[in-house]
Amino acid sequence: MIYKLERWAWWGGALLASIAGTVNAVGLQSYAHQAVTHVTGTTSLLTLGIAHADGKAIFNLACVLGSFVAGAALSGFIVQNSALKLGRRYGVALFAESLLLFGASALMGSHLAIGSYFASAACGLQNAMASTYSGAILRTTHVTGMFTDCGAALGHLLRGAPVDWIRVRLYSLLIASFAVGGLTGSLLFGVFGSATLYFPAALTGAVAIGYTAYAHQQRNAAL
């Protein structure tokens, strides 16, 4: 049960979810048609590649999965804690994500498969950056778990059991933000192609700078 959720957690989560939605929409529409924000479908495709002995598909999908894990590992190295809390090194992590997205855009534009790996690493980094907050599981790059929890909450409501409405509202916001990001990415892709990723890359970089400045100000105020 979530008893309190700070305003910055709502806005930050929504922003990151919309960025992930945009990145995935670009990945799916790029020449590789590769989802990059989640690994369930990619894992299933990998098993199909293995079953059909498709060496090229196996290599590509394994690299996408490995890149996601590598991004999560980088986040763990930088942030060193999965519980969301202001003051941690999110600025460094966000700046690293921004660089990965800039690289992904340039590489995808050149029709290089490694572009999808960069995008997948960026999403793995983002997803691991803040896994929990006040008892809620925060996943800003995919929505399966959030749909599950909202469905379970509906079942509780129908049964007359207590419902964690703050959690439901949070997850509904993240799902909607991911969808809006996907829609935005789809529309922008029709105009800018893979260069659409420059927009979330720049936004992530701006947030990194803003957060770093805020954290520095807070540390100075505490002295």
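There is 1 salt bridge in this structure, and we'll start there before moving on to helices, loops and rings. Keep in mind that you're looking at a predicted model. The chain has a mean pLDDT of 90, with 90% of its residues at 70 or more.

**The salt bridge**
- Here's the general idea: side chains of opposite charge can pair when their charged atoms come close.
- The partners here are Asp164 and Arg167, whose closest N and O atoms sit 3.2 Å apart.
- Are these two buried or exposed? Both Asp164 and Arg167 are buried.

**Where the confidence is high and low**
- Among the elements of the chain, H2 has the highest mean pLDDT, at 96.
- Strand E1 (residues 132-133) has the lowest, with a mean of 53.

**Helix H3**
- H3 is built from 25 residues, and it reaches 36 Å from its first C-alpha to its last. That is close to the 36 Å you'd expect at 1.5 Å a residue.
- Its buried residues include Leu61, Leu65, Phe68 and Ile78, and Cys63, Ser67 and Gly71 are also among them.
- What covers those buried residues? H2, H4 and H5 are included in the cover.
- Right after H3 comes Gln80, which has a positive phi near 70 degrees.

**Helix H4**
- H4 covers residues 90-109, which makes 20 residues. At 1.5 Å a residue these should span 28 Å, and the end C-alpha atoms are indeed 28 Å apart, so the two values agree.
- How many of its residues are buried? The count is 14 of the 20, so H4 is largely enclosed by the rest of the structure.

**A buried serine in H5**
- Ser116 belongs to helix H5, which takes in residues 114-129.
- With a relative accessible area of 2%, Ser116 counts as buried, because the cut-off is under 20%.
- Leaving aside residues up to four places away in sequence, Ser116 touches Ala32, Gln34, Val36 and Met108.

**Two loop residues with positive phi**
- Most residues other than glycine have a negative phi, which makes the next two worth a look.
- Ala53 isn't a glycine, yet its phi is positive, at about 55 degrees. You'll find Ala53 in the loop between helix H2 (40-51) and helix H3 (55-79).
- Why does Ala53 count as exposed? Its relative accessibility is 63%, and exposed means over 50%.
- His111 is another non-glycine residue with a positive phi, near 60 degrees. Its place is in the loop between H4 and H5.
- His111 is exposed as well, with a relative accessible area of 54%.

**Aromatic pairs**
- The structure holds 3 aromatic pairs.
- One of these joins Phe102 and Tyr198, with ring centres 5.8 Å apart. Their planes meet at 40 degrees, so the pair is tilted.
- Phe102 lies in helix H4 and Tyr198 in helix H8 (residues 198-222), so this pair ties together parts that are 96 residues apart in sequence.
- Phe102 is partly exposed, with a relative accessible area of 33%. Tyr198 is partly exposed too, at 36%.

Key: Residues are numbered from 1 along each chain as its sequence is written. This is a predicted model: local features need pLDDT of at least 70, side-chain atom pairs count only at pLDDT 80 or more; totals for chains, interfaces and linings use all residues. Side-chain values use heavy atoms; hydrogens and water are left out. Helices (H or I, at least four residues) and strands (E, at least two) are DSSP runs, numbered from the N terminus. Buried means under 20% relative accessible area, exposed over 50%, partly exposed in between (1.4 Å probe, protein chains only). Contact means heavy atoms within 4.5 Å. The expected span of a helix is 1.5 Å times one less than its number of residues. pLDDT is the predictor's confidence in each residue, from 0 to 100. Rings of Phe, Tyr and Trp (its six-membered ring) pair if their centres lie within 6.5 Å; planes under 30 degrees apart count as stacked, over 60 as edge-to-face and the rest as tilted. A salt bridge is a side-chain nitrogen of Lys or Arg within 4 Å of a carboxyl oxygen of Asp or Glu.
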